[in-house]
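Visitor: I'm new to this structure and would like a close look at one single part of it. Could you pick a strand and walk me through its surroundings?

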Amino acid sequence: MSENILPQHKTPKLIVVTAFDRDESGDLQPVFGPAEQQTEERAIRTAKGLAAKHAGVIAW
């Protein structure tokens, strides 16, 4: 029939990085972030930099 009449808006993308260290019990605890990143590339660079200093890092 008819196509969409309203303009399509791009949904903003939330890109976040967070890092974890182990506490005295061995459980992971957040120590950085979650911190919003402007681009996926920036999130990857940030995560790689944090990975050398922390027990774990997640970028999503």
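Guide: Here is a walk along one strand, its partners and what lies around them.

Keep in mind that this is a predicted model. Averaged over the protein, the pLDDT is 91, and 93% of the residues score at least 70. Our strand is β1, and it's a good one to pick: among the elements of the protein, β1 has the highest mean pLDDT, at 98, while β2 has the lowest, at 95.

So where does β1 sit? Three strands make up an open sheet, in the order β2-β1-β3, with antiparallel pairing. The edges go to β2 and β3, and each of those has a single partner strand, so one side of each has no neighbour in the sheet. On average, neighbouring strands here are turned by 15 degrees against each other, if you ignore direction. As a bit of background, the strands of a sheet pair through backbone hydrogen bonds, and they can do that in a parallel or an antiparallel way.

Let's take the β2 side. Strand β2 covers residues 28-37, and seven bridges hold the antiparallel pairing between β1 and β2. You can follow some of these bridges residue by residue: V16 has E36 in β2 as its partner, V17 has A35, and A19 has F32. The two strands form a hairpin with five residues between them, and in that turn G26 has a positive phi of about 90 degrees.

Now cross over to the β3 side. Strand β3 takes in residues 56-59, and four bridges join β3 to β1, again running antiparallel. Here T18 stands opposite I58 of β3.

T18 deserves a pause. This residue belongs to strand β1, and its relative accessible area is 4%, so T18 counts as buried. Which residues does T18 touch, leaving aside its neighbours within four places in sequence? The contacts are P30, F32, G33, P34, G56, V57, I58 and W60. With F32 there is something extra to look for: the side chain of T18 reaches the backbone oxygen of F32 at 2.7 Å.

Zoom back out to the whole strand, and T18 has company. Six of the eight residues of β1 are buried, so the strand is largely enclosed by the rest of the structure. There is also a helix to find: α1 lies across β1, β2 and β3, and runs at about 10 degrees to β1.

That helix brings us to the last stop, in the segment before β1. Side chains of opposite charge can pair when their charged atoms come close. In this model, K13 and E40 do so through their side chains, in a salt bridge of 2.7 Å from N to O. The link spans distant parts of the chain: K13 is in the segment before β1 (15-22), E40 is in helix α1 (residues 40-51), and the two are 27 residues apart. The count of salt bridges comes to one.

Are these two residues buried or exposed? K13 counts as exposed because its relative accessibility is 58%, whereas E40 is partly exposed, with a relative accessible area of 40%.

Notes:
Residues numbered from 1 in each chain as written. Predicted model: local features only at pLDDT ≥ 70, side-chain atom pairs only at ≥ 80, totals over all residues. Heavy atoms only, no water. Salt bridge = Lys/Arg side-chain N within 4 Å of Asp/Glu carboxyl O. Buried < 20%, exposed > 50% of the residue type's maximum accessible area, 1.4 Å probe, protein only. Pairing = 2+ DSSP bridges. Axes fitted to C-alpha atoms, helices over the stretch in contact; angles between N-to-C directions. Contact = heavy atoms within 4.5 Å. Polar contact = N/O pair within 3.5 Å; in protein donor to acceptor, adjacent residues only side chain to side chain. pLDDT = per-residue confidence, 0-100.
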